[in-house]
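User: Please take a close look at the largest nonpolar core of this protein, and set it in the context of the whole chain and of the confidence of the model.

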Amino acid sequence: MASSTKGGRQNGSVVEITRLLETTIKGAKVIDVEALCVVPGKHVWSLRVDVTILNQEGNVTDAAVWGSIAALQHFRRPEVSVLPGNRVVVHQPHERDPIPLNLHHFPISITAAIIPPSVAASSNNKALRATDEETDNALSAPSSSLIFDFVIDPTVAELAASAGVIIIALNHELQLCDIHKEGAVAIPFSLIQRVIAAAKSLVPQLATLMKETMAKDEAKRKAESKAAFTWAKTRTGVGKN
């Protein structure tokens, strides 16, 4: 993973995104690294994912994760041949079709902004709207006396007003790949379970959309490759008697 900001200095958001990408992709072992080996001890493919953020309108973390996973699925590396003496020949796309990466699974992240808690009323069992001072005091109160809620896919304003962030990464089989938390507020386990449940309802839709998009792109690639081959036959006279 690689990330940078103007002047070469990284701010807190960039560090958090980089860390999440590393844990979600590297930590979850998305890529079959053994398949990247060409000649053991000598030659291996090196992959680098660069994420460029053009505009921040909220939930840039999910955009970075989804874009990175989509890029890994979309990428095709050149085919290689290993000749006697461990001499490696890298074939051009017009010689042999590039091949996709071998990916074990495809984690998809879901970000939830935690709404600042309100202290539960002791007499009428109703939630009280907390002022800024009350909210600050509530953050240090026992979690059992607080009422939490969350917002999926938060905007910049919702993130600024939140007490913290929970990011859940699930793969297409709904296996938990990563849990990432930002903010100092103590979050009850029941809230984490609710966020995971919400993520499980959203990830299949996103995974299906990504899969269908990749299938369309693959069909487009094959059509373009076939058209290029037909044009080459016409130019060189291949297949003529």
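Analyst: Two residues are taken to be in contact when their heavy atoms lie within 4.5 Å. On that basis, of the contacts in the protein between residues at least 6 apart in sequence, 71% join residues at least 24 apart. The model is a predicted one, and it contains five helices and 10 strands, with buried residues making up 31% of its 241 residues.

The largest nonpolar core has 20 residues, and those with the most contacts inside it are Ile 114, Phe 150, Ile 166, Ile 168, Ile 187, Leu 191 and Val 195. At least two residues of this core come from each of strand E7 (108-119), strand E8 (146-152), strand E9 (164-170) and helix H5 (189-236), and H5 gives the most, with eight residues. Phe 150 can serve as a point of entry: once its neighbours within four places in sequence are left aside, Phe 150 is in contact with Ala 112, Ala 113, Ile 114 and Ile 115, and also with Leu 191, Arg 194, Val 195 and Ala 198. Apart from this core lies another, of 19 residues, which include Ile 17, Ala 28, Val 30 and Ala 64.

As for confidence, the protein averages a pLDDT of 81, and 76% of the residues score at least 70. Over residues 2-9, however, the pLDDT is below 50, and this stretch has 10 contacts in the model beyond near neighbours in sequence. Over residues 119-136 the pLDDT likewise stays under 50, and here the model has 18 contacts beyond four places in sequence.

Methods
Residues numbered from 1 in each chain as written. Predicted model: local features only at pLDDT ≥ 70, side-chain atom pairs only at ≥ 80, totals over all residues. Heavy atoms only, no water. Helix = DSSP H or I, 4+ residues; strand = E, 2+ residues; numbered from the N terminus. Buried < 20%, exposed > 50% of the residue type's maximum accessible area, 1.4 Å probe, protein only. Core = buried A, V, L, I, M, F, W, Y, C linked by side-chain atoms within 4.5 Å. pLDDT = per-residue confidence, 0-100.
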